[in-house]
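Reader: I have just opened this structure for the first time. Could you walk me through it?

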Amino acid sequence: MHVFAGFESNQYVEMAINDILKYGVYEENIVFVEMENQEKQRVLLDNINYSDGRSFSDSVASLGTIGMLLGVIYGSVVYAGPVATGLLGLVGGGLLGYFLDRRKENKVMVKRMKEINLKILLIIKCHTKEQQEDVIEICSKYFVSYIGKKD
């Protein structure tokens, strides 16, 4: 039987391990794993082999197309002509799409930083069902973020 406990900070893990050792679980039955964040910086343009589901080019292309269309439609009214205003609308819409995409991505990153971040994983081998329940209770006492058990 195993108990898996995920913690956010080091200070509570040390106290939990001390209580578990005092309870009678041997040190050989406790595995301490420090987790490392592997999230990489996103690339701007998706390729055929990798896509994260949020494409940078979609909003840039769609807003650029809308800007170009409006520039061509209303370009016949201005002196520069429909071609020049269409190109200006394409660039303006593309830049607007780029900045909106960047703003949305920054909000997602801030939200992701606020989420619970698992930093330490404890794996405790228990010999009896009562010992397993007591270990879960000790971990809960020290603010465990995630807990699981395997019989």
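Here are some questions and answers about the core, the surface and the salt bridges of this predicted model.

Reader: Let's begin inside. Which elements each supply at least two residues of the largest nonpolar core?

Author: Happy to start there! The core has 19 residues, and Phe-7, Ile-20, Ile-30, Leu-122, Ile-124, Val-135 and Cys-139 touch the most other members. The elements that each supply at least two of its residues are β1 (2-7), α1 (10-23), β3 (120-125) and α4 (129-141).

Reader: Which residues does Ile-30 touch, leaving out those up to four places away in sequence?

Author: Ile-30 is among the core residues that touch the most other members. With residues up to four places away left out, the partners of Ile-30 are Ile-17, Ile-20, Leu-21, Val-25, Leu-122, Ile-123 and Ile-124.

Reader: Is Gln-131 buried or exposed?

Author: Gln-131 is part of helix α4 and touches Tyr-23, Gly-24, Val-25 and Cys-126, not counting residues up to four places away in sequence. Buried means under 20% relative accessible area. The relative accessible area of Gln-131 is 10%, so this residue is buried.

Reader: Now the outside. What is the area of the nonpolar surface patch that includes Ile-66?

Author: Ile-66 is found in helix α2 (residues 56-75) and is partly exposed, with a relative accessible area of 47%. In the patch, Ile-66 is joined by Leu-69, Leu-70, Ile-73 and Tyr-74. Together they make a nonpolar surface of about 520 Å².

Reader: How many residues apart in sequence are the parts tied together by Asp-19 and Lys-141?

Author: This pair forms a salt bridge, at 3.3 Å from N to O. Asp-19 counts as buried at 18% relative accessibility, whereas Lys-141 counts as exposed at 51%. Asp-19 lies in helix α1 and Lys-141 in helix α4, so the distance in sequence is 122 residues.

Reader: Which residue forms a salt bridge with Lys-129?

Author: Lys-129 is partly exposed, with a relative accessible area of 38%. Its partner counts as exposed at 60% relative accessibility. The closest N and O atoms are 3.3 Å apart, and the partner is Asp-151.

Reader: And which strand holds the partner of Glu-133?

Author: Glu-133 forms a salt bridge with Lys-149, with the closest N and O atoms 3.2 Å apart. The two residues are 16 residues apart, with Glu-133 in helix α4 and Lys-149 in strand β4.

Notes
Residues numbered from 1 in each chain as written. Predicted model: local features only at pLDDT ≥ 70, side-chain atom pairs only at ≥ 80, totals over all residues. Heavy atoms only, no water. Core = buried A, V, L, I, M, F, W, Y, C linked by side-chain atoms within 4.5 Å. Buried < 20%, exposed > 50% of the residue type's maximum accessible area, 1.4 Å probe, protein only. Helix = DSSP H or I, 4+ residues; strand = E, 2+ residues; numbered from the N terminus. Contact = heavy atoms within 4.5 Å. Patch = residues over 30% accessible without salt bridge, like charges linked within 9 Å, V, L, I, M, F, W, Y side chains within 5 Å. Areas by Shrake-Rupley, 256 points an atom, 1.4 Å probe, with all protein chains shown as cover. Salt bridge = Lys/Arg side-chain N within 4 Å of Asp/Glu carboxyl O.
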